[in-house]
Number of protein chains: 2
Amino acid sequence: MKAEIISIGDEILIGQITNTNSVWMAQQLNLIGVTVAHICTVADQEEVIKSAMSLAGTRASLVLITGGLGPTKDDVTRKAFAEFFNTTLELNHVVLKDISDYYAKKDVLLSETNKRQAILPLGAEIIKNPVGTAPAMMMRKEQTLYISMPGVPYEMKSIMQEHVLPAIKKNNTLPAIFHKTVLTYGIAESTLSEIIAEWEDSLAQKNIKLAYLPQPGMVRLRLSAYGAMAAEIQSQLEQEIVQLNKLIKEYILGYETFGEEEQTPQKIVSNLLREKKQTLSIAESCTGGYLSSLFTAIPGASEIFKGSVVPYSNQMKHKILGVDESLFETVGVVSKECVEQLAANVLKRFETDYSISVSGIAGPGGATDEKPVGLVWICVANKNKVVSKKYLFGDDRQRNIIRTSFAAIDLLRQLILENQN
Amino acid sequence: MKAEIISIGDEILIGQITNTNSVWMAQQLNLIGVTVAHICTVADQEEVIKSAMSLAGTRASLVLITGGLGPTKDDVTRKAFAEFFNTTLELNHVVLKDISDYYAKKDVLLSETNKRQAILPLGAEIIKNPVGTAPAMMMRKEQTLYISMPGVPYEMKSIMQEHVLPAIKKNNTLPAIFHKTVLTYGIAESTLSEIIAEWEDSLAQKNIKLAYLPQPGMVRLRLSAYGAMAAEIQSQLEQEIVQLNKLIKEYILGYETFGEEEQTPQKIVSNLLREKKQTLSIAESCTGGYLSSLFTAIPGASEIFKGSVVPYSNQMKHKILGVDESLFETVGVVSKECVEQLAANVLKRFETDYSISVSGIAGPGGATDEKPVGLVWICVANKNKVVSKKYLFGDDRQRNIIRTSFAAIDLLRQLILENQN
C-alpha cells in the first residue's frame, strides 16, 4: 500500500516552521507496513491544495493531509476539500456541539470564529478531535482515500493514533517491513563504508536496504528488510546484524528497532546506570544545561540523575564547585586541571557513583591565541578513576554544544563499561 | 520568481530524520524575494527523482535539490541528474583533485568509495563544496535552472550562501517581500483572532497576509507584504503593526523581522538584562537543564548568565541550595515555599540581580492525589521582590518541560519590566 503526505501551510513554505508532522506520520505509516512514497508541502490556497490532492491520487491509495483547518480566515482546507469532492460546506450540528462542549469545559464562550470549524463538507466521514476543536475529515475518490487532519502536532497525533492508524490496519492487508538501526560512535561515515563494503554488497540480493544516517559525531546505519513473512525477514535481518557486529564491534553503541522506543546514547548510558542502581551528577560549563537536559528528558531520570551545576562564570566554578582559584591565572578554566577538579568535586558534593564535567569555548567569542573556539576538555570520574580528554570541535556554537555533550556521554559510557568488565 | 525544493532521501520518507534543509532553504529564498511554491521529498530512486524534477520544471523556474550525493551506493542523485539531462557521468579531474586535497589535509588516504563523488554529469556546471567533498551541480532545461546540492546541512548551507543565493540575486529581477512577526504570550489563538478580527479583515485589500503560528504557550502572528517597492511595503506593514499594538499591547513580547536574527522570549529577556548590565541565575528542578540551555544557547550568554543548579533530588535541593528539609514532609518540593526558597538562595549564592526557580511534576511518574502530572510552581526574584505562581500544564513530559521554561521566562520578563518602569 502506497501513501502520500500533503502538508498545507504558508508558514512551512516561507520557512518559518519546520514540518515535524510529516516525519512523525511517515514513521507511523512505515511501522504498519505502508510505504510513504512522497511527502509535499503546498500553500494555503484552494487551487494548489486541490491540484496536490489530485496528483497524489494518481500515485497512492492513501493520502494524508494536515493543516489549514484552524478557525481563522487564512485556513482554506475545508473549502478545498469540499470543492475537490464536488460537495458543499454545511454546518454540522454534532461537531458544533462537540466544539461548544470543548469551550464550555474551559469556561470560554463559543465565538463566531470557532463555529467556522463546524462547517464541513457534506458527505465526508467526520472523525472527532479528542484534544482540540478541528475534526478530521475522510472521503474517497476512485481508488484513493483522503484524510484531512489538523496541523497542530498533538491533535494530529491523537487522531492518527486513535482512529486513522487502527482503521488502515483493519481495512488493508499490509506487507511486512522490518527496520533496525545500528548506532555507531567514533568512526567517520567513509571509513565505516570501506570496512563494511563487502558485507554491504551482499545485502542487495537478500532484499535488504542499508542507509547511512550521519549525526554530529555519530553515524546510524539503518537496515530495512521487506517481505511477506514478518518473522522470516526479522530473523534474516538479525543474522545480518550479527555479521556486521563482527566487523565494527568496537564502534557500536547500541541498536534501535524501528517503531519501538527511540534509542539514544543518553538512554543507553542511563540504562547501564539503572541496571546497577548507580547515579550521575554533572558539572557543565560550555554546554550550559544542554547535557543535563538530555538525561532529564528521559522519563524516570530521577532514578539515576541526582543533579548538576552549570558554573558558567569562573567565580562560580570556584564558589559553588570548589575549583582552585589559582587555576584561572595559570592554566585557565578550559584545562585538564579544571575539568578534573570539577568532576571530582561534583561527584563528592552530589554523592553520586559517576560524574561528568565539561569546560570549553563554544564560541563565537571567548577564544585566545592558545585556545581556539571549539576547544573543549571533558572529564568523567568515579571514586576510583578520573579520565579527562581534550577535543577540538568546530566554529559553530550550537554544534559545539551538541558534539561536546555526545562526546561526554560516550566517554562516560566507556568508563562504565570498563568498570563492569 | 517561483522556486521548488526537492529533498531526496529514504530516511526522510520512513521518518527517521526530520527535513531541516528545506525549512532553511525556504527561509533564505523568501528573504531575497523568491516564492517557494512547493516542497517535496522523494525516495533515493532514479525514476522518482527524474519524475519529480520534470514535474517541478513545469511549475517553477528554479529547482533546488538536496541529498543523494554521498559516496555510498545508496546515493543515486548523480545518476538521476545525468539521465534527466541526457548526458553521461564522467570522472571530473578537477573535482577529484579537490577531494584528494580535502582528505590529504585530514591525513586520510583517498579511498575508491570517495572517488565516486568526482564522477559527475558531463556539461553540468560544478560548484565546489567549501566544507566537504560532494560538489553541487547546476544545469538548465528549457526555462528552468536545476541545482543539486549535498544533503548534509552545513555543506548545503555553505554552498547556498557562497554561491547559489548570490547567483540568483544577480541573475534575476526579484519583487520585494517583507515579513514581520509579532510574538505574543499569554493569549489563546482564538481569543486573539476575535480581538483583532476587524483589523485582520482590513489587511486583505492592502495586499498583506496574516498567519497565526501557535507554539507551546505562545502565538506568533506573521504579517507578509508584497509589492514592487521595498521601502513602501515595509512602511505600510509597520503602520499596520502600530494599529495591532493598540489592540493587543499587553500580550506582545517582541517583534521579529524575517531574515534578521530570530527573536525568542529568552533573547528578549537576555537583552533586557544586558542593557542594564544585570545578571541571572537559575535553580531548575523539573526542567532539568533545559531552561538554562535556552539562555546559554545565545552567543555572549556569559555576560548575563552566571550559572544554575539542577537540584534534581530532594536531598540536593537542601544540600546544594539550602531548602529547608522540613518542607519535604509538609508541603513537598512542588510548592510555593520550595520555589521561593530556591529562588532566594540561588540569587544569593550566585550573587545575581535576578533568579528563576522551577519545581514541578513533568511526568509520566511522580504524581500524587493532590499533585497531578503537569503541576508546576515557578518563582522569580530580585533582591526586593519574590513572585511565585502555580501552573497546571498537561500530560506530556517534553511539552511540560518546554511550557514550564517559557512560562518562567515570561514571569521573569514581567518582573524586569516592572522594575524598569
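In this predicted model, 36 residue pairs are in polar contact between chain A and chain B, both residues of each pair having a pLDDT of 80 or more. Strand S2 of chain A supplies seven residues to the side of chain A that touches chain B, the largest share of that side. By residue type, the side of chain A that touches chain B consists of 36 nonpolar, 29 polar and 19 charged residues. In total, 84 residues of chain A are in contact with 85 residues of chain B. The two chains bury about 6,600 Å² between them, and 53% of this area lies on carbon and sulfur atoms. Three residues, A:Ile14, A:Gln16 and A:Tyr312, account for 10% of the area that chain A buries against chain B, which is more than any other three residues supply.

Salt bridges were counted next. Side chains of opposite charge can pair when their charged atoms come close. Four salt bridges were found between chain A and chain B. One salt bridge is formed by A:Lys209 with B:Asp10, where the closest N and O atoms are 2.6 Å apart. Over all chains, the whole structure contains 34 salt bridges. Within chain A, the side chains of A:Glu83 and A:Lys50 form a salt bridge with an N to O distance of 2.7 Å. This pair links distant parts of the chain, since A:Glu83 belongs to helix H4 (residues 77–84) and A:Lys50 to helix H3 (residues 46–59) of chain A, 33 residues apart.

The two chains also share a sheet. This open sheet has 12 strands with mixed pairing, and its order is S6(A)-S7(A)-S8(A)-S3(A)-S1(A)-S2(A)-S2(B)-S1(B)-S3(B)-S8(B)-S7(B)-S6(B). At the edges are strand S6 (125–127) of chain A and strand S6 (125–127) of chain B, each of which pairs on one side only. From one strand to the next, the twist averages 20°. Where the chains meet in the sheet, S2(A) and strand S2 (residues 35–42) of chain B are antiparallel and are paired over five bridges. In this pairing, A:His38 stands opposite B:Val42 of S2(B). Inside chain A, strand S1 (residues 2–8) and strand S2 (residues 35–42) run parallel and are joined by seven bridges. There, A:Ile5 is placed opposite A:Ile39 of S2(A).

Helix H7 (residues 153–171) of chain A packs on the sheet and touches strands S3 (62–66), S6, S7 (136–141) and S8 (144–149) of chain A. The direction of this helix makes about 160° with that of S8(A). In chain B, helix H7 (residues 153–171) lies across strands S3 (62–66), S6, S7 (136–141) and S8 (144–149) of chain B, and runs at about 160° to S8(B).

Backbone geometry was examined last. Most residues other than glycine have a negative phi, and most peptide bonds are trans. A:Glu142 is not a glycine, yet has a positive phi of about 50°. This residue lies in the loop between S7 and S8 of chain A. The peptide bond joining A:Gly363 and A:Pro364 is cis, with omega about -5°. A:Pro364 is in the loop between strand S15 (354–360) and strand S16 (375–381) of chain A. In chain B, the peptide bond from B:Gly363 to B:Pro364 is cis, with omega near -5°. B:Pro364 is located in the loop between strand S15 (354–360) and strand S16 (375–381) of chain B.

Conventions: Residues numbered from 1 in each chain as written. Chains lettered and ligands numbered in written order. Predicted model: local features only at pLDDT ≥ 70, side-chain atom pairs only at ≥ 80, totals over all residues. Heavy atoms only, no water. Pairing = 2+ DSSP bridges. Helix = DSSP H or I, 4+ residues; strand = E, 2+ residues; numbered from the N terminus. Axes fitted to C-alpha atoms, helices over the stretch in contact; angles between N-to-C directions. Contact = heavy atoms within 4.5 Å. Buried area = accessible area lost by both parts, 1.4 Å probe. Polar contact = N/O pair within 3.5 Å; in protein donor to acceptor, adjacent residues only side chain to side chain. Nonpolar A, V, L, I, M, F, W, Y, C, P; charged D, E, K, R; others polar.
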